[in-house]
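This report describes selected features of one protein model for a reader new to structural work. Please consult the sequence and the structure while reading.

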Amino acid sequence: MQLGAFSLSLAVKDIAASAAFYEKLGFTRSGGDIDQNWLILRNGQTVIGLFQGMFEKNSLTFNPGWNQDAQQLDSFTDVRDLQRQLKDQGIPFVAEAGDGTGPGSFIVVDPDGNPVIVDQHV
């Protein structure tokens, strides 16, 4: 099962303070919009997202169809196929991807209560 690019999505209280902190650790802004309360930061191949007021908890995020540089892959498993595979294994869902093709996402929760977001942008 190929889940695509990985990042950690952090639920932050003050996005400006969080961005300043992670920038001191060597992260640089690579996407998002601080005025919309979300940023994507990179340090080499490590990617974190800062989200103020969007998530209740820190989450693991996977992006089918993307590599770690957010470039589209030639071949990947569609989010809906991943969802079917997990359903067949009895994994319960918090949110599900709709039918069709293209962008879609789902959320599952691991045994310790950590949200796992699978978010396809292509």
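Is S59 buried or exposed? The model under discussion is a predicted one. In it, S59 has a relative accessibility of 3% and therefore counts as buried, since the limit for that class is under 20%.

**The surroundings of S59**

S59 belongs to strand β5, which covers residues 59-63. A polar atom of the S59 side chain lies 3.3 Å from the backbone oxygen of K57. When residues up to four places away in sequence are not counted, S59 touches S7, L8, S9, P115 and I117.

**Helix α2 and its buried side**

Helix α2 spans residues 79-88, and its buried residues are V79, R80, L82, Q83 and L86. These residues lie on the same side of α2, because they cover an arc of only 155° around the axis. The strands against which they pack are β6 (104-109) and β7 (115-120).

Both ends of the helix can be described. At the N-terminal end, D78 acts as a cap: one of its side-chain oxygens lies 2.9 Å from the backbone nitrogen of R80. After α2 comes G90, which has a positive phi, near 85°.

The loop between β5 and α2 contains F76. With a relative accessible area of 32%, F76 is partly exposed. Leaving aside neighbours within four places in sequence, F76 is in contact with P64, G65, Q120 and V122. F76 and F106 are 30 residues apart along the chain, and a distance of 16 Å separates their C-alpha atoms.

**The nonpolar cores**

Which residues make up the largest nonpolar core? It consists of 10 residues in all: F62, V79, L82, L86, F93, A97, F106, V108, V116 and V118. Two or more residues of this core come from each of the elements α2, β6 and β7. The element that gives the most is α2, with three residues.

F106, one of the residues of this core, has contacts with V79, L82, Q83, L86, F93, A95, E96, A97, V116, I117 and V118, not counting residues up to four places away in sequence. Another core, of nine residues, lies apart from the largest one; among its members are V12, F27, L41 and I48.

**Salt bridges**

Side chains of opposite charge can pair when their charged atoms come close. In the whole structure, a search finds five salt bridges. The table presents some of them, including the distance between the N and O atoms.

| Salt bridge | N to O distance |
|---|---|
| R29 and E23 | 2.6 Å |
| D81 and R84 | 2.4 Å |
| K87 and E96 | 2.7 Å |

How exposed are the residues in these pairs? In the first row, R29 counts as partly exposed at 45% relative accessibility, and E23 is partly exposed with a relative accessible area of 32%. In the second row, D81 is partly exposed at 32% relative accessibility, and R84 is partly exposed at 49%. D81 and R84 are three residues apart in helix α2, so about one helical turn separates them. In the third row, K87 is partly exposed with a relative accessible area of 39%, and E96 is partly exposed with 45%. E96 also appears among the residues that F106 touches.

Note on methods: Residues are numbered from 1 along each chain as its sequence is written. This is a predicted model: local features need pLDDT of at least 70, side-chain atom pairs count only at pLDDT 80 or more; totals for chains, interfaces and linings use all residues. Side-chain values use heavy atoms; hydrogens and water are left out. Buried means under 20% relative accessible area, exposed over 50%, partly exposed in between (1.4 Å probe, protein chains only). Helices (H or I, at least four residues) and strands (E, at least two) are DSSP runs, numbered from the N terminus. The arc is that of the directions from the helix axis to the C-beta atoms. Contact means heavy atoms within 4.5 Å. A polar contact is a pair of N or O atoms within 3.5 Å; within protein, one must be able to donate a hydrogen and the other to accept it, and residues adjacent in sequence count only if both atoms are side-chain atoms. A nonpolar core is a set of buried Ala, Val, Leu, Ile, Met, Phe, Trp, Tyr and Cys residues joined through side-chain atoms within 4.5 Å. A salt bridge is a side-chain nitrogen of Lys or Arg within 4 Å of a carboxyl oxygen of Asp or Glu.
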